[in-house]
Amino acid sequence: MRELQTGVWHWQAPHPEWKGPEVSSYAIDDGERLLLFDPIATPTLVDELASGRVPVVVLTSPWHERDARELVERLGAHVYVPPPDEGNDDPIHGDVFSAGDRLPVGVEAFPGREPNDLMLWVEGRRTLVAGDTLVDVGDGLELRDSWLPEGATREQTLAALRPLLDLPVELVLATHGGPCDRAALERALS
């Protein structure tokens, strides 16, 4: 686990259900809360950081639940989650949010490649958290055509994402890949 900037941490771990590059998780300390984005295999430092803070799990998509249930039990974390997929008989319980919503924890949800795969803007940190919409699997931050839902085109999806460039983004936290900067976001959306 490494601190990217004061109060922003990154760690990686293997995904339990698929082979491939490790996936990333992030923690942001806002002075009152410890926001945990798509947490997996949380290091013991997370428990220390959560001490004296309100632990909050924020998911970019419902399938990025990863270790959220365990953090609810262990730390008493509150959960914010996009709507579950149809047919999911055991969705994680939490406050459901969608694109356009502003969460009371300083996070704003923007559209992603699917209605429940969202881009999350943490204005106080000038940070954008990307779930499966923009990923880095070795070729830099990108929108992967093979990950687009049926019927979606690259051009339509990129057009829907370009308003993100109006935000004063300084840091992009990709949950597939790692952290990158605004220039990587600009390249991915060009």
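Q: Helices (H or I, at least four residues) and strands (E, at least two) are DSSP runs, numbered from the N terminus; which strand holds R113?
A: This is a predicted model, where local features need pLDDT of at least 70, side-chain atom pairs count only at pLDDT 80 or more, and totals for chains, interfaces and linings use all residues. Residues are numbered from 1 along each chain as its sequence is written, and side-chain values use heavy atoms, leaving out hydrogens and water. Residues 107–114 make up the strand where R113 sits, namely β9.

Q: Is R113 buried or exposed, and what is its relative accessible area?
A: Buried means under 20% relative accessible area, exposed means over 50%, and partly exposed lies in between (1.4 Å probe, protein chains only). R113 counts as buried because its relative accessible area is 10%.

Q: Which residue offers its backbone oxygen to the side chain of R113?
A: Let's look at polar contacts, which are pairs of N or O atoms within 3.5 Å; within protein, one must be able to donate a hydrogen and the other to accept it, and residues adjacent in sequence count only if both atoms are side-chain atoms. One such contact, of 2.9 Å, links the side chains of R113 and E114. For contacts in general (heavy atoms within 4.5 Å), R113 touches residues including W63, W147 and T157, leaving aside those up to four places away in sequence. The backbone oxygen reached by the R113 side chain, at 3.2 Å, belongs to D132.

Q: Which element gives the largest share of the largest nonpolar core?
A: A nonpolar core is a set of buried Ala, Val, Leu, Ile, Met, Phe, Trp, Tyr and Cys residues joined through side-chain atoms within 4.5 Å. The largest one has 21 residues, and M119, L134, L141 and L164 have the most contacts inside it. Two or more of its residues come from each of β10 (117–122), β11 (127–130), α3 (154–161), β12 (171–174) and α4 (182–188). With 3 residues, the largest share comes from α4.

Q: How many residues are in the other core, the one with L35 and F97?
A: M119, from the largest core, touches F110, L128, L134 and L164, among others. Apart from that core lies another, which also includes V122 and L173, and its size is 19 residues.

Q: Which strands are the edges of the sheet of 6 strands?
A: Strands pair if DSSP finds at least two bridges between them. This open sheet runs β8-β9-β10-β11-β12-β13 with mixed pairing. Inside it, β11 and β12 pair in the parallel sense over 4 bridges, and A130 stands opposite A174 in β12. The edge strands, each pairing on one side only, are β8 (102–103) and β13 (179–181).

Q: What is the bridge partner of Y80 in β7?
A: A further open sheet of 7 strands has the order β1-β2-β3-β4-β5-β6-β7, again with mixed pairing. Its edge strands are β1 (2–5) and β7 (95–96). Strand β6 (residues 78–81) pairs with β7 in the parallel sense over 2 bridges. In β7, Y80 has as its bridge partner D95.

Q: What is the radius of gyration of the protein?
A: The radius of gyration is taken over C-alpha atoms, and the globule rule is 2.2 Å times the number of residues to the power 0.38. For 190 residues, a compact globule would come out near 16 Å, so the protein agrees with the rule at 15 Å.

Q: How much of the protein counts as buried?
A: The protein has 4 helices and 13 strands, and its C-alpha trace spans about 45 × 40 × 35 Å along the principal axes. Of the 190 residues, the portion that counts as buried is 48%.
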